[in-house]
Amino acid sequence: MERNKPQTQQYDQYTQEDFTVWQTLFERQMILLKQHASHTYLQALETIGFHAGEIPDFNKVNETLSGLTGWQLTVVPELVPQQHFFELLSQKIFPATCWLRTFEELDYIEEPDMFHDVFGHVPLLANPAYASFMQSFGQLALEWIDDEEMIAILSRIYWFTIEFGLIKEGSEHKVYGAGILSSPGETRHSMDTDTTTITFDVDTILQTAYRTDVIQEQYFVIDKLEQLDQMLPEVRSLLHKKGDHFKLSAPAEKTIIYEP
Ligand SMILES: [Fe+2]
């Protein structure tokens, strides 16, 4: 569909429909997330100050983030090319759209809008462990940036953590992945007792293909957010040792990693 995708956030351009969409998505999702989101995400949401009545203002978000972890948002009209995406992450800059889906698209949208990018991803950028991983992941990806297949394999780590990760809290699984946090269907599915959940394992993830166009078939569960940064040396070493094996074992997806 024809859509206005601004390159900068002009707050006075938001329409009444935009505010209604943000409010509806926010309120609907919070009913689920109060029960199912990681307490770290819920805390971060409070820290960052998002609420149903106000579409986030990127300037204010950047002020808050700069005092917490030094991360900044930059407006992008849509998905950015991989190399640029990883370069931005390595510089602690998160590219986010500032437009919202229409009311008719409330339940499904083909590309990430501001509700996914900002509601889903941004609160945890206030958390030091998550923020540190995002930057380190960007730096690691740049080491393989000229090898498309290796980037696709490495993207599985991002996919099964930042987009669709679960975390253990007590005896329960909770959500921290942005692709789940911004989607009621994915939240319910990830919490369904029949859904496959797998203890986080780098080697397994590097061999696990994913699809961007369906509800996920499985979710990987970490014990704590600090685990994300801690596993990066293993990722690097496995990619060096078994990179060709990963390429052979499953043809790399030609998918874009940051689009749920
Ligand atoms: Fe995303």
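A residue counts as exposed if 12 or fewer other C-beta atoms lie within 10 Å of its own. Glu2 has 3 such neighbours, so it is exposed. Please keep in mind that this is a predicted model, with an average pLDDT of 92 for the protein chain. Here is a short tour, starting with confidence.

**Confidence**
- At least 70 is the pLDDT score of 95% of the residues.
- Residues 254-260 stay under 50 in pLDDT, and the model gives them 18 contacts beyond four places in sequence.
- Where pLDDT is low, the predicted coordinates should not be read in detail.

**Glu2**
- Glu2 sits in the segment that precedes helix H1 (16-36).
- Between the C-alpha atoms of Glu2 and Ile153 there are 33 Å, and the two residues are 151 apart along the chain.

**Lys92**
- Look for Lys92 in the loop that links helix H4 (82-90) to strand S2 (93-96).
- Lys92 is not a glycine, yet its phi is positive, at about 60°.
- Most residues other than glycine have a negative phi.
- Lys92 counts as partly exposed because it has 18 C-beta neighbours inside 10 Å.

**Helices H4 and H6**
- The axes of H4 and helix H6 (residues 128-142) come within 7 Å, crossing at roughly 135°, which means that H4 is oblique to H6.
- This crossing of H4 and H6 is left-handed.
- On the H4 side the contact involves Phe86, Glu87, Leu89 and Ser90, which meet H6 residues including Met134, Phe137 and Leu142.
- By type, the residues of the H4 and H6 contact are six nonpolar, four polar and one charged.

Terms used: Residues numbered from 1 in each chain as written. Predicted model: local features only at pLDDT ≥ 70, side-chain atom pairs only at ≥ 80, totals over all residues. Helix = DSSP H or I, 4+ residues; strand = E, 2+ residues; numbered from the N terminus. Buried ≥ 20, exposed ≤ 12 C-beta atoms within 10 Å, placed from the backbone. pLDDT = per-residue confidence, 0-100. Contact = placed C-beta atoms within 7 Å. Axes fitted to C-alpha atoms, helices over the stretch in contact; angles between N-to-C directions. Parallel < 35°, antiparallel > 145°, perpendicular 65-115°, else oblique. Left-handed = near helix turned anticlockwise from the far one by under 90°. Nonpolar A, V, L, I, M, F, W, Y, C, P; charged D, E, K, R; others polar.
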